[in-house]
Structures are given as structure tokens and as C-alpha cells.
Amino acid sequence: MKDPDLQSAQESELAELIVTTLNLEVTSSSIDPTAPLYDEGLGLDSIDILEVALAVSKTFGVKLRADDKNNITIFTSLRTLSDYIQKHRKI
């Protein structure tokens, strides 16, 4: 059985993108895939989320819109963002 605290390959790729995009002082592998991206988790703010959305669009071809009513759910954690990308990416 897979440990829910371990990153999948897709989550690792996304974590690396987030760390690189935002010049975070954490390693991508240290990001808990279930921890919140906002506030007490990774500590991202709305500007950070916009930068991540742009990087996701460029890297994976997935458009994330500021006015999407599902953003709170999409950006809950590394895992929820990765799941959304996997379902909507252009292959």
C-alpha cells in the first residue's frame, strides 16, 4: 500500500516547478503532498498562486483561471493541484 505522505512522480514534478518558480527555500521533496498550499502549510499567498498558475499553464498546458469557483479546491494541496493537472493537461 502506498504511503499517502509520499509524492507521486507527477507530484514531484509539480513540487519542483513550484519551488523553482517561487525560489522557495525548501526542497521539492520536502513538500508534503497533502499539506495546504496556503497559510500554515507551504505558506503561499495569492500572488504566489498566480505565479504557480502561470507556470502550470506554460509547463502543462492547463489553464487555471483566477475567476474559477473551484480554485479553493484545486489549490488545496500539492496533491489536489496535481490531480487537477493530470485530469486537464493536454497530452
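This report walks through a predicted model of a protein chain, from its overall build to single residues.

**Overall build**

The protein chain has 4 helices and 0 strands. Read from the N terminus, its elements run α-α-α-α. Helix α1 covers residues 9-22 and helix α2 covers 46-60. Helix α3 spans 71-74. Helix α4 spans 78-88.

The C-alpha trace spans about 35 × 30 × 20 Å along its principal axes. How does the radius of gyration of the protein chain stand against that of a compact globule? For 91 residues, a compact globule would have a value near 12 Å; the protein chain has 12 Å, so the two agree.

Of the 91 residues, 37% count as buried. The accessible surface comes to about 5,800 Å². Carbon and sulfur atoms hold 55% of that surface. Contacts also reach along the sequence. Among those with a separation of 6 or more, 57% join residues 24 or more positions apart.

**The nonpolar core**

In soluble globular proteins, nonpolar side chains tend to be buried together. Here the largest nonpolar core has 23 residues. Which of them touch the most other members? They are Leu14, Val56, Leu64, Phe75 and Leu81. Helices α1, α2 and α4 each supply at least two residues of this core.

Leu64 shows the packing in detail. Leaving aside neighbours within four places in sequence, Leu64 is in contact with Ala53, Val56, Ile74, Phe75, Leu81 and Tyr84. Three of these partners, Val56, Phe75 and Leu81, are also on the list of residues that touch the most other core members.

**Helix α4 and its partners**

Which residues of α4 are buried? They are Leu78, Arg79, Leu81, Ser82, Tyr84 and Ile85. The buried residues of α4 pack against α1, α2 and α3.

Ser82 is part of helix α4. It is buried, with a relative accessible area of 3%. That value counts as buried because the cut-off is under 20%. Not counting residues up to four places away in sequence, Ser82 touches Gln10, Glu11 and Leu14. Leu14 is also one of the core residues that touch the most other members.

**Salt bridges**

Side chains of opposite charge can pair when their charged atoms come close. The structure holds 2 salt bridges. One joins the side chains of Glu11 and Arg79, at 2.6 Å from N to O. Glu11 lies in helix α1 and Arg79 in helix α4, so the pair ties together parts that are 68 residues apart in sequence. Glu11 is buried, with a relative accessible area of 3%. Arg79 is buried too.

The other salt bridge joins the side chains of Arg65 and Asp67, at 2.9 Å from N to O. Are Arg65 and Asp67 buried or exposed? Both are exposed.

**Polar side chains at Gln7 and Asn71**

Gln7 sits in the segment before α1. It is buried, with a relative accessible area of 18%. Its side chain makes a polar contact with the side chain of Ser12. A polar atom of the Gln7 side chain also lies 2.8 Å from the backbone oxygen of Ile31.

Asn71 belongs to helix α3. It is buried, with a relative accessible area of 15%. Not counting residues up to four places away in sequence, Asn71 touches Arg65 and Ala66. Its side chain reaches the backbone oxygen of each of these residues. Arg65 is thus a partner of Asn71 and also takes part in the salt bridge with Asp67.

The table lists the distances for these two side chains.

| Side chain | Partner | Distance |
|---|---|---|
| Gln7 | Ser12 side chain | 3.0 Å |
| Gln7 | Ile31 backbone oxygen | 2.8 Å |
| Asn71 | Arg65 backbone oxygen | 2.8 Å |
| Asn71 | Ala66 backbone oxygen | 3.4 Å |

**Gly41 in the loop**

Where is Gly41 found? It is in the loop between α1 and α2. Gly41 is partly exposed, with a relative accessible area of 32%. Gly41 and Ser77 are 36 residues apart in sequence. In space, their C-alpha atoms are 8.5 Å apart. Gly41 and Gln7 are 34 residues apart along the chain, and 15 Å separates their C-alpha atoms.

Key
Residues numbered from 1 in each chain as written. Predicted model: local features only at pLDDT ≥ 70, side-chain atom pairs only at ≥ 80, totals over all residues. Heavy atoms only, no water. Buried < 20%, exposed > 50% of the residue type's maximum accessible area, 1.4 Å probe, protein only. Core = buried A, V, L, I, M, F, W, Y, C linked by side-chain atoms within 4.5 Å. Contact = heavy atoms within 4.5 Å. Polar contact = N/O pair within 3.5 Å; in protein donor to acceptor, adjacent residues only side chain to side chain. Rg over C-alpha atoms; globule rule 2.2 N^0.38 Å. Areas by Shrake-Rupley, 256 points an atom, 1.4 Å probe, with all protein chains shown as cover. Salt bridge = Lys/Arg side-chain N within 4 Å of Asp/Glu carboxyl O.
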